[in-house]
Amino acid sequence: MRGHFITFEGGEGSGKSTHAAALAQRLTSLGIEVVLTREPGGSAGAEIIRHILLSGIAKPLGAETEAILFAAARDDHVRNTIEPALNAGKWVICDRFIDSTRVYQGALGRVDAKLIRGLERVTVGAAWPEVTFILDVPAAVGLARAKRRRGQGAADRFEAESVEFHEQLRDAYRALAAAEPQRIVLIDGRAPRDVVGDRIWEVIEQRLLGAPQVAESAAP
Ligand code: TYD
């Protein structure tokens, strides 16, 4: 049986990587085989492209070229990591995926939505995420967390953008969640870590593990 595909999205310092790892651990403890991966990267070819993108050397080429590079990385990642895992019945949890391109290059970089959808069609194929969690935090909170985590290290290509950029990013993510409620679950990332983790688990149980749902009419 084919495995399940879950993605995590959000701005810098939203906690998505922590929660992606926590979910992977929880599923593993149930005996489920999980592949935890991330974008850009997650396969040998995509890691090379990651370096090009995050170092900022591709920035002068413009957002459209960056979108194409992210798509090239995704193509390699889907073919070599995600599809083989799903076909082997494993669950795949990916830290960032198509929604990052829609938001960073599409909404913020103003890359034509038709190009973005076209790139999705050729790269994603059957590997469409079943559930996407967007962790929502105000830009100032997320950037402060990211800065604390980074310590003395330099900000990468996107972390170095302004607070306004990150606020717009948040709005764009929220708009995506509103447009695709069947796939995307928006979660308040300011809540305590356990609360966020429990909410994520509740969704996984209901949507993918087939936990019995209590019908409202059956409640006393
Ligand atoms: P990364 O160092 O992986 O950090 P994080 O995911 O914790 O923010 O940085 C990935 C960066 O790449 C991030 O700033 C978002 C950006 N990005 C895009 O602009 N488009 C994409 O399609 C993807 C996958 C990422």
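1. Let's start with one pair of residues in this predicted model. F5 sits opposite V92, a residue of β3. The strand on the other side of this link is β1, residues 5-10, which runs parallel to β3, residues 91-95, and is joined to β3 by four bridges.

2. Now step back to the whole sheet. Strands of a sheet pair through backbone hydrogen bonds, and the pairing can be parallel or antiparallel. Here five strands make an open sheet with parallel pairing, in the order β2-β3-β1-β4-β5. The edges are held by β2 (34-38) and β5 (184-188); each has a single partner strand, so one side of each is left without a neighbour in the sheet. On average, neighbouring strands of this sheet are turned by 20 degrees against each other, direction ignored.

3. Next, the open spaces. The largest pocket has a volume of about 520 Å³. Its lining has 24 residues, and E12, K16, E39, R50 and R96 are the closest to the pocket centre. Which helix gives the largest share of this lining? That is α4, with four residues. At least two residues each come from α1 (16-29), α2 (44-55), α3 (63-87) and α4 (98-108). Have a look at the classes too: eleven lining residues are charged, eight polar and five nonpolar.

4. The second largest pocket holds about 260 Å³ of space. Among its 14 lining residues, G13, G15, T18, R145 and R193 lie nearest the centre. Helices α1, α6 (139-150) and α8 (193-207) each supply at least two residues of this lining. By class, the lining of the second largest pocket has seven polar, four charged and three nonpolar residues.

5. There are enclosed spaces as well: the count comes to two cavities of 30 Å³ or more. The largest cavity contains about 120 Å³ of space. Of the 16 residues lining the largest cavity, G11, E12, V137, H166 and R170 lie nearest its centre. Helix α7 (163-179) is one of the elements that supply at least two lining residues, along with β4 (131-136) and α6; α7 gives the most, four residues. The lining of the largest cavity divides into eight nonpolar, five polar and three charged residues.

6. Last comes the second largest cavity, with about 30 Å³ of space. Its lining is made up of A67, A71, R74, T101, I116, L119, E120 and T123. Two or more of these residues come from each of α3 and α5 (113-124), and α5 has the largest share with four. By class, four are nonpolar, two polar and two charged.

Definitions and conventions. Residues are numbered from 1 along each chain as its sequence is written. This is a predicted model: local features need pLDDT of at least 70, side-chain atom pairs count only at pLDDT 80 or more; totals for chains, interfaces and linings use all residues. Side-chain values use heavy atoms; hydrogens and water are left out. On a 1 Å grid over the protein atoms alone, a cavity is a set of points where a 1.4 Å probe fits but cannot get out, and a pocket is an open set with protein on both sides within 12 Å along at least five of seven lines; lining residues have an atom within 4 Å of a point. Grid points are joined across faces, edges and corners, and a volume is the space filled by probe spheres set on the points. Ala, Val, Leu, Ile, Met, Phe, Trp, Tyr, Cys and Pro count as nonpolar, Asp, Glu, Lys and Arg as charged, and the others, Gly among them, as polar. Two strands pair if DSSP finds at least two bridges between them. Axes are lines fitted to C-alpha atoms, for helices over the stretch in contact, and angles run from 0 to 180 degrees between N-to-C directions.
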